[in-house]
Amino acid sequence: MNRTTISLLATATALAAITGLAALTAPGSGAETEAKAPARLPVERSSLLCPTPSTSELAETAYTSFTPAGKSGDAKDGTAELKASAAVLAETDTTPAKDKTKKGDAAKGAKGAKDAKKPAPDKAVLALKEPGKPVEAKASGGEAPALVGTATGRLAPGWSAQQTTTETAGDARGLLGVSCTGPDTDFWFPGASTAKERHDYVHLTNPDDTPAVADIELFGKDGALKTTLTEGIPVPAGASVPVLLSTLTSDPAADLTVHVTTRTGRVGAVLRAADDKAGSDWLTASADPSGTAVLPGIPADATSVRLVAFAPGEDDADLTVQLAGPGGKIVPAGHETLHLKSGMTASVDLLDVTKGEAGSLILSPSQSGRATPVVAALRVVRGKGDKQEVAFIPAAAPVGERASVADNRAKGSTLSLTAPSAAAEVKVTASAGTEGGTQVVKTYKVKAGTTLAVVPPVPAGLKGSYALTVETVSGGPVHASRTLALPKDGIPMFTVQTLPDDRGTVAVPAAEQDLSVLDD
């Protein structure tokens, strides 16, 4: 899934189209000039969407918005505002699909606009003022809205937002964290479930002024599940729709891969998973299908790790499974390889695979030259008995040039850095705090094939929460995640967010012309 960003000047693109990528030369000169490499320039606009946090009156939610300093080009002005969505439509009917009196009722995704919550006033819930300094807003109870927002000018490059919700009781209790996503048309969610003890919702949010229509496909261990979805799910302009997966099929499945696409328009899509025994958290989309998948940041004290993977193409995939720990790569005993049949979800219980040392899972082709694209995610549990807590780690794209995650606390944050193929060096910047403090910068070296789990730097004189920005300095690709742990009443509550490239710059073709051709 790729964040939607609108590049710089439309005139630059138009000029490139008119003049071409190669330089024009004078007639008869015989000279040809090679095209210049595209320039990378800061994006001028970026969009984010945050799902409805909770329906529980016990929920406490913090929204945090942040744009890293630098790389804003010549832009001197800009805005970055998150506002309540126009409406949060009612949940899908939870009646089992087999009991529906009209085929396709559940597929409509909501009871309709007449059941929509009253639209919030058209004002910013969270407005960022300057790069390098995050801002925070808090909400209590079950009326906190889904948010949609746009950043422009100097606040657009690398804009990120974090939503963190604490629920201390109830079926969905836990620490639920999600990095707000950009709108797109295609999402993969391995790791979902329609089992009796699970209550999984896909949240669809439309940021645009026109309606969108989404489709949801479910894939189990034997392939595609028959669903009641026949007409697509309408997502009204500016609205958010939660869809309960169990209403889409009468076939319970312990492990599912969910595929969300749109027929028209764009949506932001994230999945909220709730387990009767292990609490709840958000599952964000896996990185785009790829021959190699890296799932960074399994906590050292994980008591249960379950891998769910899927090959969406026409070919089966044979994968090597490795755990990259602080000392290098190892093969989990009994799980050296994984065979994925095309279109069928596979799962593996890795148990307490980290054995007291934080690590990252790497899936790679078993045979060179046979890289079949896959998507994957991990269901990670900490604690035991009635003191369990669950979180999810999807396959993550590399940090690339730069990536950020907001809402870090003075205590409880762990940064995991994984270099799957070659050694690398990264720079980590701890921003100023939301209420005060001075940024701190530190560099880390990550050995090839290892995971480095560190307590990240904390801003001097920190007040409030802060953001972390990771930048690749040298070496191979680095994959990263942030774990936020906030234990409560003996329950090791935690949540994990990956840090993919923030796509703060865009390639703009160089347009060049030898004006001597115009002299004739």
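What is the volume of the largest cavity? In this predicted model, the volume of the largest cavity comes to about 50 Å³, and the count of cavities of 30 Å³ or more is one. Before turning to the residues around that cavity, it helps to look at the protein as a whole.

The protein holds 40 strands and one helix. Of its 520 residues, 53% are buried, and the accessible surface amounts to about 21700 Å², with 52% of that area belonging to carbon and sulfur atoms. Among the contacts with a separation of 6 or more, 83% are between residues 24 or more positions apart, and several of the details below can be read with that figure in mind.

One place to begin is strand 27, which covers residues 359-365. Six of its seven residues are buried, that is, they have under 20% relative accessible area, and so strand 27 is largely enclosed by the rest of the structure. Two of the strands that pair with strand 27 can be followed in turn. Strand 21, made of residues 293-298, runs antiparallel to strand 27 and is joined to it by four bridges; within this pairing, Val 294 stands opposite Ile 362 of strand 27. Strand 23, made of residues 317-325, is likewise antiparallel to strand 27, and here six bridges join the two, with Leu 323 having Leu 361 of strand 27 as its bridge partner. In a regular strand, side chains alternate between the two faces of the sheet.

The lining of the largest cavity can now be placed along the sequence. Asp 316, Ala 317 and Asp 318 belong to this lining, together with Ser 366, Gln 367, Arg 370 and Thr 372. By character, the lining residues divide into three charged, three polar and one nonpolar.

A further site to examine is Asp 501, which lies in the loop between strand 39 (494-498) and strand 40 (505-508). Is this residue, Asp 501, buried, exposed or partly exposed? Its relative accessible area is 28%, and because the partly exposed range runs between the 20% limit for buried and the 50% limit for exposed, Asp 501 counts as partly exposed. Leaving aside neighbours within four places in sequence, Asp 501 is in contact with Pro 398, Val 399, Gly 400, Glu 401, Arg 402 and Ala 403. Asp 501 and Pro 398 are 103 residues apart in sequence, yet their C-alpha atoms are 6.3 Å apart in space.

How values were computed. Residues numbered from 1 in each chain as written. Predicted model: local features only at pLDDT ≥ 70, side-chain atom pairs only at ≥ 80, totals over all residues. Heavy atoms only, no water. Buried < 20%, exposed > 50% of the residue type's maximum accessible area, 1.4 Å probe, protein only. Contact = heavy atoms within 4.5 Å. Areas by Shrake-Rupley, 256 points an atom, 1.4 Å probe, with all protein chains shown as cover. 1 Å grid on protein atoms, 1.4 Å probe; cavity = no way out; pocket = protein on both sides within 12 Å on 5 of 7 lines; lining within 4 Å. Points joined across faces, edges and corners; volume = space filled by probe spheres on them. Nonpolar A, V, L, I, M, F, W, Y, C, P; charged D, E, K, R; others polar. Pairing = 2+ DSSP bridges.
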